[in-house]
Amino acid sequence: MAHLRFVLVTALVALLLLPVSRPETARAPAPGPFGAYLGYGADGVRRVRALGAWLGRDEPRVGHTYLPGDVWPNIEGAPGFVRLWARWRRARPDRLLVLNVPMLERTEEHLPDAEVRRELRLGAAGSYDGHFRALARRLVAVGAPDTVIVLGWEMNGVTYTHRCGPDPAAWKAYWVRIVTAMRSVPGRRFRFDFAPDRGRDAVPWTRCYPGDRYVDIIGMDAYDAPRGLSFPEQVAEPYGLRAQVDFARAHGKPVSYPEWGLYENGDDPAYLRGMLDWFASARPVYQTLTDYCPHGVWGCRGNPRSTAVYRSLMRR
């Protein structure tokens, strides 16, 4: 009996000495490969390293940038611009370069639907294939043949000339032409990311899906909008976060989040926590925060509560 009491007391002491998990220091599960949009050129490359230091962890593995969509020569990848990010990518084998590529020039000039429709049909007929072969050759030449191409992002909305709404059939045919043209270049290992805006927007994004042979990743740009929409509602809404994951699973594709951040609900720490928990569950190929006002938590000082949540959950 004395021996039994000794064993019980010893076990009790051991339990009391176990570390206690405190909610305020608990860590979220790892949210996957991460980065942020921090600027187009040299300044953006420098800020990738600084973001890691600010978080108290290694430099982010993911670099995210955009090609200008004003004129075709820039969509082909301005030489110095592409070379700069390719150098960053080559410096470490585990890095990932994510490049948003417009499908049409004058991409933010709010062209009327009739002109967008005409441009999409020209693209579907092959008129612009050469521009995308030129981009593919340039990326291979500068040492970034495995770039993730976020092609024609937010196509279900109204912001960009490369929007799908005026002619979904032509849009899908044009996407297929672009992917086929870029895949024809020797040495390429690109992955193509189909990334609508979260929610229905102007047209259901499922109407724009060009087919499994021509898509490698199903992404989603998911800002904290519209005003008053809670994070659980952003998950459950038609064509929302849950619909994206379910659609990707049905098509055998991984997911990504090329753009996310605060927007119409101000400093919203519940949204930040919800998104980071969502990433831990969805296990995206990558997720990249948009870090400028009003979206950001590092470059924008107007969101202190959200900043505190991001730093706490991202610091490892």
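A pocket is here an open set of grid points, on a 1 Å grid over the protein atoms alone, with protein on both sides within 12 Å along at least five of seven lines. In this predicted model, the largest pocket holds about 750 Å³ of space. Its lining is formed by 32 residues, and those lying nearest the centre of the pocket are Trp153, Glu154, Thr159, Tyr160 and Glu259. By residue class, the lining of the largest pocket comprises 14 nonpolar, six polar and twelve charged residues.

The protein chain that carries this pocket has a secondary structure of eleven helices and nine strands. Of its 316 residues, 53% are buried, and the accessible surface of the chain amounts to about 14,200 Å², with 56% of that area belonging to carbon and sulfur atoms. When contacts between residues at least 6 apart in sequence are considered, 78% of them join residues at least 24 apart.

Two residues of the chain were examined individually. Leu262 is placed in the loop that runs between strand 8 (255-261) and helix 10 (269-282). Because its relative accessibility is 0%, Leu262 counts as buried, the cut-off for this class being under 20%. The C-alpha atom of Leu262 is separated by 4.9 Å from that of Asp224, although the two residues stand 38 residues apart along the chain. Apart from neighbours within four places in sequence, the contacts of Leu262 include Tyr223 and Asp224, as well as Asp268, Tyr271 and Leu272. Leu262 is also in contact with Pro294, His295, Gly296 and Val297, and with Asn303 and Ser306.

Gln234, by contrast in setting, is found in helix 8, which spans residues 231-236. Gln234 likewise counts as buried, because its relative accessibility is 0%. The side chain of Gln234 is joined to that of Arg198 by a polar contact of 3.4 Å, and a polar atom of the Gln234 side chain lies 3.2 Å from the backbone oxygen of Leu229. With neighbours within four places in sequence left aside, both Arg198 and Leu229 appear among the residues in contact with Gln234, together with Tyr223, Asp224, Ala225, Gly240, Leu241 and Tyr271. Tyr223, Asp224 and Tyr271 are thus in contact with Gln234 and also with Leu262.

How values were computed
Residues are numbered from 1 along each chain as its sequence is written. This is a predicted model: local features need pLDDT of at least 70, side-chain atom pairs count only at pLDDT 80 or more; totals for chains, interfaces and linings use all residues. Side-chain values use heavy atoms; hydrogens and water are left out. Helices (H or I, at least four residues) and strands (E, at least two) are DSSP runs, numbered from the N terminus. Buried means under 20% relative accessible area, exposed over 50%, partly exposed in between (1.4 Å probe, protein chains only). Contact means heavy atoms within 4.5 Å. Accessible areas come from the Shrake-Rupley method with a 1.4 Å probe; for residues, only the protein chains shown count as cover. On a 1 Å grid over the protein atoms alone, a cavity is a set of points where a 1.4 Å probe fits but cannot get out, and a pocket is an open set with protein on both sides within 12 Å along at least five of seven lines; lining residues have an atom within 4 Å of a point. Grid points are joined across faces, edges and corners, and a volume is the space filled by probe spheres set on the points. Ala, Val, Leu, Ile, Met, Phe, Trp, Tyr, Cys and Pro count as nonpolar, Asp, Glu, Lys and Arg as charged, and the others, Gly among them, as polar. A polar contact is a pair of N or O atoms within 3.5 Å; within protein, one must be able to donate a hydrogen and the other to accept it, and residues adjacent in sequence count only if both atoms are side-chain atoms.
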